[in-house]
Amino acid sequence: MSQDNEYVPPKVWKWEKASGGQFASINRPIAGPTHDKPLPVGKHPLQLYSLATPNGVKATVMLEELLARGHAGAEYDAWLIRIGEGEQFGSGFVEVNPNSKIPALMDHSTTPPTRVFESGSILLYLAEKFGELLPRDPAGRTETLNWLFWQMGSAPYLGGGFGHFYAYAPTKIEYAIDRFAMEAKRQLDVLDRRLAESRYLGGGEYTVADIANWCWYGQLALGRVYDAGEFLQVQEYQHVQRWAREIDARPAVQRGRMVNRTFGPLEQQLHERHDASDFETQTQDKR
């Protein structure tokens, strides 16, 4: 970029034009609802409002893992929130998550109902509610939470940083792509070094830390995120690859990836999930 074309920030930033790129129509510098729209409520205590992005998949994988372990109380209704159409700015959704991001969960088994937003908070809430996928001993719990919160702090550099500038920005900016590609690879190396010494991130057991990280970094390693596997040379991270494939083979993970999915092959989509008993019927209808 030449000196003449260099952007000079004004003293006071003003929102005077769309940001451009794939999400320009929904990006804005203010919070709150843009329209009135109540959320649907199904028959189960747990009501999930989401989309099968990496963050959204965390919640559905967690719920499917709980159901696989026999927790009938983890039955849930999943309602599709089309973020590209701005449904996260409806009044009902904003009441559940004032930050207007998916996933969002309402637990109607409590009085009054409990709202849970932010994917990490949802994982921790469900783990504690059902006593699963979070070690009870202090050392194991702490190590698991270390990696859960590592993901929450690190993934924005992968998604909003690398993913945005590599896949979605209206122009390719070398500095931005180099900056965040370097960080994405550093993060993969952090995980690879940990997984070289431990089967799972929290230790010897599969936990919420693995669910949270797999949905971003496991899928990145499997070539499903931003079509960037070759660019980042993800096959070099052999321990991440081993971990990613092992988790990918879990039936609950495979089911969780399908819920509220609106892209990819039709047989891998399940736009709304309302009961485990008819899960197979719904998926078979798509084959």
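Let's start with a right-handed β-α-β unit, built from strand 1, helix 1 (residues 54-68) and strand 2. Keep in mind that this is a predicted model.

Strand 1 covers residues 46-50, and five of its five residues are buried. Neither face is left open: Leu46, Leu48 and Ser50 are buried on one side, and Gln47 and Tyr49 are buried on the other. As for its partners, strand 1 pairs with strand 2 (residues 76-80) in the parallel sense, over five bridges. It also runs antiparallel to strand 3 (residues 104-107), joined by four bridges. Leu48 is a handy place to see both pairings, since it stands opposite Ala78 in strand 2 and has Leu105 as its bridge partner in strand 3.

Now move along the chain to residues 137-266, where UniProt, in an unreviewed entry, places the feature "domain: GST C-terminal". Over that stretch the chain is 71% helix and 0% strand, with 43 Å between the end C-alpha atoms.

Look next at helix 6 (residues 208-221), which is home to Ala209. Is Ala209 buried or exposed? Its relative accessibility is 0%, so Ala209 counts as buried. Setting aside neighbours within four places in sequence, Ala209 is in contact with Thr144, Trp147, Leu148 and Leu201. You can also trace a line from Ala209 back to Met62: the two are 147 residues apart along the chain, and their C-alpha atoms are separated by 11 Å.

On to the rings. The structure holds nine aromatic pairs. One of them joins Phe162 and Tyr166, which are stacked with 4.9 Å centre to centre and 15° between the planes. Both sit in helix 4 (residues 138-168), four residues apart, or about one turn of the helix. Their surroundings are not alike in exposure: Phe162 has a relative accessible area of 1% and is therefore buried, whereas Tyr166, at 22% relative accessibility, counts as partly exposed because the cut-off for buried is under 20%. Follow the ring pairs outward and you find Phe162 and Tyr166 linked with Tyr168, Tyr226 and Phe231 into a cluster.

Two arginines are worth a look before you leave. The charged end of Arg250 sits over the ring of Tyr206, 3.8 Å from its centre. Arg179 has a ring of its own to cover, with its charged end over Phe180, 5.4 Å from the ring centre.

Definitions and conventions:
Residues numbered from 1 in each chain as written. Predicted model: local features only at pLDDT ≥ 70, side-chain atom pairs only at ≥ 80, totals over all residues. Heavy atoms only, no water. Helix = DSSP H or I, 4+ residues; strand = E, 2+ residues; numbered from the N terminus. Buried < 20%, exposed > 50% of the residue type's maximum accessible area, 1.4 Å probe, protein only. Contact = heavy atoms within 4.5 Å. Pairing = 2+ DSSP bridges. Right-handed = clockwise from strand over helix to strand, strands pointing away. UniProt positions renumbered as here; feature names shortened; annotations may be inferred. Phe/Tyr/Trp six-rings, centres within 6.5 Å; stacked < 30°, edge-to-face > 60°. Lys NZ or Arg CZ within 6 Å of the ring centre and 35° of its normal.
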